[in-house]
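Trainee: I have a protein model open and want to learn how to read it. Please take me through it step by step.

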Amino acid sequence: MDSTSIITQVANPKDEEIITCQEKVPHSNGSLKKHRSRSIFSPFFCCFRNYNVEAPSTKTPTPPPAAAQENGSPPKSPAKFLLPEVTRDDYGKNCVVIDLDETLVHSSFKPINNADFIVPVEIDGTVHQVYVLKRPHVDEFLQKMGELFECVLFTASLAKYADPVADLLDQWGVFRARLFRESCVFHRGNYVKDLSRLGRELSRVIIVDNSPASYIFHPENAVPVQSWFDDMSDTELLDLIPVFEGLSTESDIYTMLQNLRAR
């Protein structure tokens, strides 16, 4: 297995040698690191850009078996949902699906002097060191999400990398479940996170992700974030906390997300 294929990331425009994976579609505006205003509503505007990724013909695909689908067609019959039954503590809460790479952390096989974690990953009998940087304010963001929502980590990276990173990142047990690449649907060259397979009411599910290709089946459920690599002045996660405080009390998240996008 190629070591670069264990992590799904967009390319870092500052460093072409950072590990990337062709399955995750890069942002088409070509300015991932462009400075922007710190409005808490600005992340929503990227939902309307053209990312040249076509959704399947059906609006809500039927939950497929666990294996990823190669042909891009909505899978046939459901086997079981990806998430277990809601716990008593999370009953009545909305569900937030949170991406890992370039959303909460940035990882590289190249040594990083200020890495927060160094995770050994075995690939084809050889142990590689993965250097992980935490996005600014990620601790505060995760703790607040854990208070307000049923939180699920959903990444297109492999579990052998993402699981130990999540162990180190989530010191509070925020993530009630962790889903990895095998839980994605492989649709037209992209690993898509099909929210209809979770086993939760879609009007109460929110996905936080830097890659529009990841939520192409359900863009109306998305809170987009800008891809993050190493900007330690970034405040996006902190800025989003008030947004999620509002979403946590909504029994139908679509109205609020539509209103935010209209601003």
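Mentor: We will go through the sheet, the helices on it, and then a hairpin.

Trainee: What kind of model is this, and how are residues numbered?

Mentor: This is a predicted model, in which local features need pLDDT of at least 70, side-chain atom pairs count only at pLDDT 80 or more, and totals for chains, interfaces and linings use all residues. Residues are numbered from 1 along each chain as its sequence is written, and side-chain values use heavy atoms, with hydrogens and water left out.

Trainee: In what order do the strands of the open sheet lie?

Mentor: Two terms come up here. Helices (H or I, at least four residues) and strands (E, at least two) are DSSP runs, numbered from the N terminus. Two strands pair if DSSP finds at least two bridges between them. Here five strands form an open sheet, ordered 6-5-1-9-10, with parallel pairing. Strand 6 (175–179) and strand 10 (222–224) are at the edges, each with a single partner strand, so one side of each lacks a neighbour in the sheet. On average, neighbouring strands are turned by 20 degrees against each other, direction ignored.

Trainee: How many bridges join strand 5 and strand 6?

Mentor: Strand 5 (residues 150–154) pairs with strand 6 over four bridges, in the parallel sense. Cys-151 has Phe-175 of strand 6 as its bridge partner.

Trainee: Which strands do helix 1 and helix 3 lie across?

Mentor: Axes are lines fitted to C-alpha atoms, for helices over the stretch in contact, and angles run from 0 to 180 degrees between N-to-C directions. Contact means heavy atoms within 4.5 Å. Helix 1 lies across strand 1 (95–98), strand 5 and strand 6, at about 150 degrees to strand 1. Helix 3 lies across strand 1, strand 9 (205–209) and strand 10, at about 160 degrees to strand 10.

Trainee: At what angle do helix 1 and helix 3 cross?

Mentor: The axes of helix 1 (residues 138–148) and helix 3 (residues 236–247) come within 9 Å and cross at roughly 10 degrees. Angles under 35 degrees count as roughly parallel, over 145 as roughly antiparallel, 65 to 115 as roughly perpendicular and the rest as oblique. Helix 1 and helix 3 are therefore roughly parallel. Residues in the contact include Phe-141 and Met-145 of helix 1, and Leu-237 and Phe-244 of helix 3.

Trainee: Which residues join helix 3 to helix 4?

Mentor: Helix 3 and helix 4 (residues 253–262) pack at about 145 degrees, with axes 10 Å apart. Val-243, Gly-246 and Leu-247 of helix 3 meet Ile-253, Met-256, Leu-257 and Leu-260 of helix 4.

Trainee: Now the hairpin. Which side chains of strand 3 are buried?

Mentor: Buried means under 20% relative accessible area, exposed over 50%, partly exposed in between (1.4 Å probe, protein chains only). Side chains alternate along strand 3 (residues 117–123): Phe-117, Val-119, Val-121 and Ile-123 point to one face and are buried, while Ile-118, Pro-120 and Glu-122 point to the other and are not. Strand 3 and strand 4 run antiparallel, joined by seven bridges. Glu-122 has Val-127 of strand 4 as its bridge partner. Two residues lie between the strands of this hairpin, where Asp-124 takes a positive phi near 55 degrees.

Trainee: Is Tyr-131 buried or exposed?

Mentor: Tyr-131 is buried, with a relative accessible area of 15%. Tyr-131 sits in strand 4 (residues 126–134). Among the residues Tyr-131 touches, not counting those up to four places away in sequence, are His-106, Phe-109 and Phe-117.
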